[in-house]
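Welcome! Please take a moment to look over the model shown here before reading on.

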Amino acid sequence: MTNQMNAVVINDYGDRDQLTETQMPIPNIKDDQLLVKVVSIGVNPIDWKTRKGLRKARYPFDFPIILGQEMAGVVSKIGAKVTGFKVGDAVIGYGTPSNRGTYAEFYAIDADQAAHKPITVSFQEAAGLGLAGTTAWQALFDAGHLKVGQTVLILAGSGGVGSMAIQLAKHIGAHVITTTSAANDNYVRGLGADKVIDYKTQDFAKVSPEVDLVFDTLGGQNQLDAFKVVKPGGRIISIVETTDQAEELSQKYGVSFEKINAHPDKDVITTLSNKLGAGKLKVSIATQLKFNAENVREMHKLSETGHIVGKLILNV
């Protein structure tokens, strides 16, 4: 076997034209890692934010950079200390940010950032679970402490993360309110939303009852408006950049505000994978395309619109 693989890389930060296809060495794995032959790749907003250079202060990676953190595939090698996986296992993975990401034919991932793919689920669906599901889980439960009977407002419920959050919140018995456009009303209700606010015609700050938790996936003015709908003592958990006024508003309204950065977690990915396999979670695919540079550019273009319903998947 040759030790080269096809990958889509960037050699500098910038627009979509930076994405080019090239040959790269197949990664070497450490003792605690798996080498996965990638079948499907999940494309996320974090990918194009990295491409534009918006994360370079936090992650000063060397070029060339292979983007991507989400994938599903088949284990082709295991590290000496890995237990619980064997060559040939189908897996789901959401890996740590690096310059050797998932936009490639092979991906090295820490074994504790992977889970077995349920046999009932396609690689395409499985590839869209890890990052979005983990982000939603950590926001709602680890940071948001959402409990049965509480009310949560999920901003942008039809997106990849929002879609997961609606389902997860509903499962634990929370009352789920979400914002989306009227065209996606049936979709988010199908996921479990109890109340849907059309953000184009309604201002959620005026129509929402007092909520225990707001999950902010949008930022900007939406983040500021969130303070108006949370009960005193309630929480706002954001996964996007914090506005300057958040701290001041937090004190004014008696609401706790936290910006979180999701991170891969063995227990979370395993739980999510089990729920997916049991039919308690579904991954909706917005678009899937064959893996090549042209299609990666197209996926970034779609993701940058901010109006994708479900997940963007590339198939190797």
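What follows is a short tour of one annotated span, one pair of helices and one serine.

This is a predicted model, in which local features need pLDDT of at least 70, side-chain atom pairs count only at pLDDT 80 or more, and totals for chains, interfaces and linings use all residues. Residues are numbered from 1 along each chain as its sequence is written, and side-chain values use heavy atoms, leaving out hydrogens and water.

Let's begin with the record: an unreviewed UniProt entry lists residues 14–314 as "domain: Enoyl reductase (ER)". That span is 30% helix and 28% strand, and its end C-alpha atoms lie 21 Å apart.

Next come two helices that pack with their axes 8 Å apart, at an angle of about 55 degrees. Helix 3 and helix 4 are therefore oblique to each other (neither under 35, over 145, nor 65 to 115 degrees). The residues that make the contact (heavy atoms within 4.5 Å) are these:

| Helix | Residues in the contact |
|---|---|
| Helix 3 | Ala132, Gly133, Thr135, Ala136, Trp137, Leu140, Phe141 |
| Helix 4 | Gly160, Val161, Met164, Ala165, Leu168, Ala169 |

By type, the residues of this contact divide into 10 nonpolar, 3 polar and no charged, with Gly counted among the polar ones.

Finally, look for Ser181, in the loop between strand 10 (175–180) and helix 5 (185–191). Ser181 is buried, with a relative accessible area of 12% (buried means under 20%, using a 1.4 Å probe and protein chains only). Setting aside neighbours within four places in sequence, Ser181 is in contact with Asp198, Tyr199 and Lys200.

How values were computed. Axes are lines fitted to C-alpha atoms, for helices over the stretch in contact, and angles run from 0 to 180 degrees between N-to-C directions. Helices (H or I, at least four residues) and strands (E, at least two) are DSSP runs, numbered from the N terminus. UniProt positions are given in the numbering used here, feature names are shortened, and annotations may be inferred rather than shown by experiment. Buried means under 20% relative accessible area, exposed over 50%, partly exposed in between (1.4 Å probe, protein chains only).
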